[in-house]
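Got your viewer open? Let's take a short walk through this model, one selection at a time.

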There are 2 protein chains.
Amino acid sequence: MAGKFQVRFMPDNRSAIVEKGTSLAEAARQADVFVKNLCGGEGVCGQCRVKILSGKVETDENAKAFFSQEELDAGYVLACQAKVEEELEVLIPPETRMEDAKIMVSEAGDKGLQTVPIVRKIYMSLPPPTIDDNISDIARISRELRKRLGWHSYEISLSCLRRLSEKLRESQFKVTASVAKDKNRYKILRIDQGDTSQNTYGLAVDVGTTTVVAQLVEMGSGRILGVAGIPNQQASFGEDVISRTIYACKEGGLNPVHEAVIKNINELVHQLTSEKGISPQDIIAIVAAGNTTMSHLLLGLLPCSIRLEPYVPTADVYPQIFAREIGIEINPEGILETLPTVSSYVGGDIVAGVLACGISESPHVQALIDIGTNGEIAIGNLDWLVCCSASAGPAFEGGGTRCGMRATKGAIEKVIISQGQVSYQTIGNAKPRGICGSGLIDCMYELVKNKIILPDGKFNLDNNDPRIQVVDEIPSYIIVPGKESATWILGSLLSRL
Amino acid sequence: MAGKFQVRFMPDNRSAIVEKGTSLAEAARQADVFVKNLCGGEGVCGQCRVKILSGKVETDENAKAFFSQEELDAGYVLACQAKVEEELEVLIPPETRMEDAKIMVSEAGDKGLQTVPIVRKIYMSLPPPTIDDNISDIARISRELRKRLGWHSYEISLSCLRRLSEKLRESQFKVTASVAKDKNRYKILRIDQGDTSQNTYGLAVDVGTTTVVAQLVEMGSGRILGVAGIPNQQASFGEDVISRTIYACKEGGLNPVHEAVIKNINELVHQLTSEKGISPQDIIAIVAAGNTTMSHLLLGLLPCSIRLEPYVPTADVYPQIFAREIGIEINPEGILETLPTVSSYVGGDIVAGVLACGISESPHVQALIDIGTNGEIAIGNLDWLVCCSASAGPAFEGGGTRCGMRATKGAIEKVIISQGQVSYQTIGNAKPRGICGSGLIDCMYELVKNKIILPDGKFNLDNNDPRIQVVDEIPSYIIVPGKESATWILGSLLSRL
């Protein structure tokens, strides 16, 4: 007995009309409502708890293990394992929502880029052709570009050649050429009438597993005009890379995951350009960096073999494409360059970090530690570089830590221990609900500084600190006593470090 | 008072429904009926004579000068200057039609190409990845290509990378890569599962002003499988390059002229592939050569400045494009390479001729004479080359010769003069109506051989040949006496040589 039913999600009051049998997680995606999801819809993480306010769902028996009898009686189900039976009203409780996530972005600064921009706009006032100088229009442009940018072969697309003759003559041969560098090639992207060299903007995008951050850059000067970050919308297909890979490799799974991050980037383009009063058309280039799986999903490449032994990506060096090819709404001739990958688990993000820090140009051995959802450590100098990586974020954010949580409202983000007294700060100054990555690192630092943890990595059980407790034979340190909210036990984290 | 009317063209019995005020020439184009047109619709060549069988047209006063009073009374008008007033039936008389044109195509032969094909299909059975050899999928393919085709950087498009991972694993890493050479670049066009290297076909297209000829080539062996030629459909916009340029440079004029030759090429693709029982999908490359204006119109580039001092084309070297970009229906990843142009009036056709004859590789000075609608002469050797060009075809085909005509039914195509006796042959063995280019060259040769024309280029008026006559002070030679059909007078041609 087929049929379509409306599912309304509270407190957002958004709804979707879906086929009978659709999972609540899928219905939420269609209603554009975020539901936490660590395992990619496998029914094993228990993070997608929702409460049925009215109506009936078909539930999986195994899913009941995630709830107490009171919760089951109150109507709690796992969104990924509950199927729509009739018209529904569903509450997404706070712990399942993506609340005002705190995203760390560095300040927009004035630091000039030391490098040559990937797209340059060159204004040229060309000598009009005469009978003694009647080379072709494009040869005239190339001749000028060679004077300005060096002796290269300048490629031009057919669309760029069309109407070129008219453009040149209408503007008395005063035009601006936008020239992109693509590996060793030079490509003329656009030829515009008059001097448009002032309006050249680029976007640097960090495609993080959890967060997508973009900087708006004035390409001529390298000045950073603005920066913005938003949660990676792919999270609704799984919070970590592995869950998303599994989702993307299901029949029909790749496109939704691919499109989610494109939506992110378009949102950032819109946000940054409207803030600065410029048009998305003025953005002529995007440089994106992400881990190997993120780069694959950004470009719509299958990430499946990255996850499985022997861990092979489709590509390590990605083609420079027109941003429009994947639906990014900037200048129609604007390009997208995706930073190359070293291997399946050392991606373009760490390549970007190494480049930006100058490690690979220094004679001194230096290290770069990038703790994101995936963490990498690169060590080396101008002669050699080694790098390793491991899943880092989920260990901090609830995937593996008993009291860990994402950096949302109520997460402890700062900890100070002084003479046995603990003070802390939570995101949004809310009552503490858990501890996020920044809080954990702060806490570790303070524990070591105060000799509560000794150089061997073990708790100093001899100092009789009442905050050190042994629970289930695992030593723990109490940051917030139960009466202030609940009992935080660090042991489960520490036993893993 | 607007309205739409049907215009029916006889003897083809094809019709079009057009707005009131549309010219008959335009209506004929819409009905896909060929109407001769030397001047591009300017009303000055008088070649587009048609006869109104029923209905009324609005005519231009100046156009009447092209007709006798009898013709005007019989309903003759110029198609380009007559506008539809109501429902019409129009006769296209024989002299205005494109009749069974004779197109000279060389025989399909077995001569192997000495050069490397522009697209090569490489079948490769790759070693599957292991934990010790886990480079990316595309790096694995490039590594093999470097062994087979040399150490190049192999570019790959995004569409080609998509699903690559799946393709490789489904086929146990046995795939065929189609690799195109584009100037100094190597581009992977397609990666197909299994061994598809047998089905590699290319098309060599001569985009002539009058005729479009294509050879179907088996790319692996260089074997020519078939050849076909059809009249260039652009002729309905003007027979010579100048008229077509004028038409294309009118508002909205470029696209119809561009699309006409695309239609030609698609027709040739269809004809040759169905003849040989292969699919248009099996054609992976087209190499096209034409004069500079033809190359511009093929690619949809404005040819306007080619015609005007200082005679500047938009491009001399054309980008290699996907054939689909201009609507050519071969393999969707198939490419179109357009041979480069030397200048506005020395085009890719003469470049192709020089390359094919090997002039530029020989120490001996040689000459290439290409008499087409536009004629070029190139002289040189491996050290130097000079070339000049002039309009040639129209001078032979009615544009400038009193008795000249296109190579259609009734045209004298062979002339033999022996001991004062003249024998000739016409196309279709019809009664002689004029003389075409081949006939004129034959005739010139015979006149010189028989010393009727002397080495100084003048008639030998002393030999009392009764066929030499002086008409309007211009000496002429009678090939066919009036009683056999009409009087052919060569003088007007000779006075131009």
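Start with both chains on screen: 100% of the interface residues of chain A are also interface residues in chain B, so the copies meet through the same surface. Contact here means heavy atoms within 4.5 Å. Keep in mind that this is a predicted model, where local features need pLDDT of at least 70 and side-chain atom pairs count only at pLDDT 80 or more, while totals for chains, interfaces and linings use all residues. Residues are numbered from 1 along each chain as its sequence is written, chains are lettered from A and ligands numbered from 1 in the order in which they are written, and side-chain values use heavy atoms, leaving out hydrogens and water.

Next, try laying chain A over chain B. A rotation of 180° with 0.1 Å of shift along its axis does the job, with an RMSD of 0.3 Å (a least-squares fit on C-alpha atoms of residues with pLDDT of at least 70 in both). That is how a two-fold axis relates copies. Now select A:R185: in chain A, its C-alpha is the one nearest the axis, 4.7 Å from it.

Which cysteine pairs with A:C249 in a disulfide? Pick A:C304, whose sulfur atom is 2.1 Å from that of A:C249 (a disulfide is a pair of cysteine sulfur atoms within 2.5 Å). The torsion about this S-S bond is about -105°, so the disulfide is left-handed. Hop to chain B, where B:C249 and B:C304 are joined as well, S to S 2.1 Å.

Last stop: A:C388. This cysteine is in no disulfide, and the nearest cysteine sulfur, that of A:C387, is 6.2 Å away.
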